[in-house]
Amino acid sequence: MDIKIESKALGDVAVIVPDVFQDSRGFFMETFREDQFKLLGLPHHFVQDNHSRSAKGVVRGLHFQWEPPMGKLMRVTQGSAFLVAVDIRKGSPTLRKWIGVISSAENRRQVWAPAGFARGFCVLSDFAEIQYKCTGIYSNKAESGILWNDPGIGIEWPIPLSEVSLSEKDKKAQTLAQWMASPESANFKY
């Protein structure tokens, strides 16, 4: 079974789609294979798997971590969600640019976003489960977030603003401009 890169954006973000064997009994797919990820030039060493379940309208993010640097391979295993990655690398020609991908249990799209990108999602279905493989182990000492609706980025979230549900932490996140003015932002250079 093959794993393919459907598209690339912002230089380093990849939308990945696996082959699926499906019949009347159900389906089978390989969502990660080290040898195929190596051949595609994608990361192949992951140290942590996370699983999140959220209700419709929940927006999580935009999160990132610099020590250890954390890239994420994100996919939706139940429901549907809008997965987002924003370039926050100093000196990058795509700084402040974003990509959004609708991923679902049906379309099986995965999004790879390396360290140096802030990531988030919003749930489009009644609920969604998002699973992601991480290249770094979580550390609350070297992580932060960017405000989900920062006008300096201009993400076009596909849900009405009146339906958005946020954590207290995400409500208080900084803008990208504030992050770029911090000394920690030097951890992400193009």
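**Entry 1: strand β11**

I began with β11 and found both of its faces covered, since Phe117, Arg119, Phe121 and Val123 on one side and Ala118, Gly120 and Cys122 on the other are all buried. I note at once that this is a predicted model, and I read every value here as computed from it. Counting along β11, which spans residues 117-123, I find 7 of its 7 residues buried.

I then looked up which strands pair with β11. Strand β6 (residues 59-65) runs antiparallel to β11 and is joined to it by 4 bridges, and within this pairing histidine 63 stands opposite arginine 119. Strand β8 (residues 80-87) is also antiparallel to β11, with 7 bridges between the two, and here valine 84 has glycine 120 as its bridge partner.

**Entry 2: aromatic rings**

How many aromatic pairs does the structure hold? I find 11 of them. One of these is formed by phenylalanine 32 and phenylalanine 46, which meet edge-to-face with 5.3 Å centre to centre and 85° between the planes. Phenylalanine 32 lies in the loop between β4 (26-29) and α1 (34-39), while phenylalanine 46 lies in the loop between α1 and β5 (48-55), so the pair ties together parts that are 14 residues apart in sequence.

Is each of these two rings buried or exposed? The cut-off for buried is under 20% relative accessible area, so phenylalanine 46 at 16% counts as buried, whereas phenylalanine 32 at 25% is partly exposed.

Tryptophan 148 and tryptophan 157 form another aromatic pair, this one tilted, with 6.2 Å centre to centre and 55° between the planes. I checked their cover as well, and both tryptophan 148 and tryptophan 157 are buried. I also noted a cluster in which ring pairs link Phe32, Phe37, Phe46 and Trp112.

**Entry 3: arginine 53, and charges over rings**

What does arginine 53 lie over? I find it over the face of phenylalanine 127, at 3.8 Å from the ring centre. Arginine 53 also forms a salt bridge with glutamate 129, in which the closest N and O atoms are 3.0 Å apart. This pair links distant parts of the chain, with arginine 53 in strand β5 and glutamate 129 in strand β12 (residues 127-134), 76 residues apart. Glutamate 129 has a relative accessibility of 13% and therefore counts as buried.

I looked up a second arginine over a ring, and found the charged end of arginine 108 above phenylalanine 27, 4.3 Å from the centre of that ring.

**Entry 4: salt bridges**

In total I find 11 salt bridges in the structure. Among them is the one between aspartate 19 and lysine 4, whose closest N and O atoms are 2.7 Å apart. Aspartate 19 lies in the loop between β2 (13-18) and β3 (20-23) and lysine 4 in strand β1, so this pair ties together parts that are 15 residues apart in sequence. Aspartate 19 is partly exposed at 26% relative accessibility, and lysine 4 is partly exposed as well, at 42%.

Glutamate 30 and arginine 33 also meet through their side chains in a salt bridge, at 3.4 Å from N to O. Here I read glutamate 30 as partly exposed at 22%, and arginine 33 as partly exposed at 28%.

**Entry 5: a surface patch**

Last, I looked up which residues make a nonpolar surface patch, and found Met1, Phe21 and Phe28 making one of about 300 Å². Methionine 1 lies in the segment before β1 (3-9), and at 35% relative accessibility methionine 1 counts as partly exposed.

Note on methods:
Residues are numbered from 1 along each chain as its sequence is written. This is a predicted model: local features need pLDDT of at least 70, side-chain atom pairs count only at pLDDT 80 or more; totals for chains, interfaces and linings use all residues. Side-chain values use heavy atoms; hydrogens and water are left out. Patches are made of residues with over 30% relative accessible area and no salt bridge: like charges are joined within 9 Å, nonpolar side chains (Val, Leu, Ile, Met, Phe, Trp, Tyr) within 5 Å. Accessible areas come from the Shrake-Rupley method with a 1.4 Å probe; for residues, only the protein chains shown count as cover. A salt bridge is a side-chain nitrogen of Lys or Arg within 4 Å of a carboxyl oxygen of Asp or Glu. Buried means under 20% relative accessible area, exposed over 50%, partly exposed in between (1.4 Å probe, protein chains only). Rings of Phe, Tyr and Trp (its six-membered ring) pair if their centres lie within 6.5 Å; planes under 30 degrees apart count as stacked, over 60 as edge-to-face and the rest as tilted. A charge sits over a ring if NZ of Lys or CZ of Arg is within 6 Å of the ring centre and within 35 degrees of the ring normal. Two strands pair if DSSP finds at least two bridges between them.
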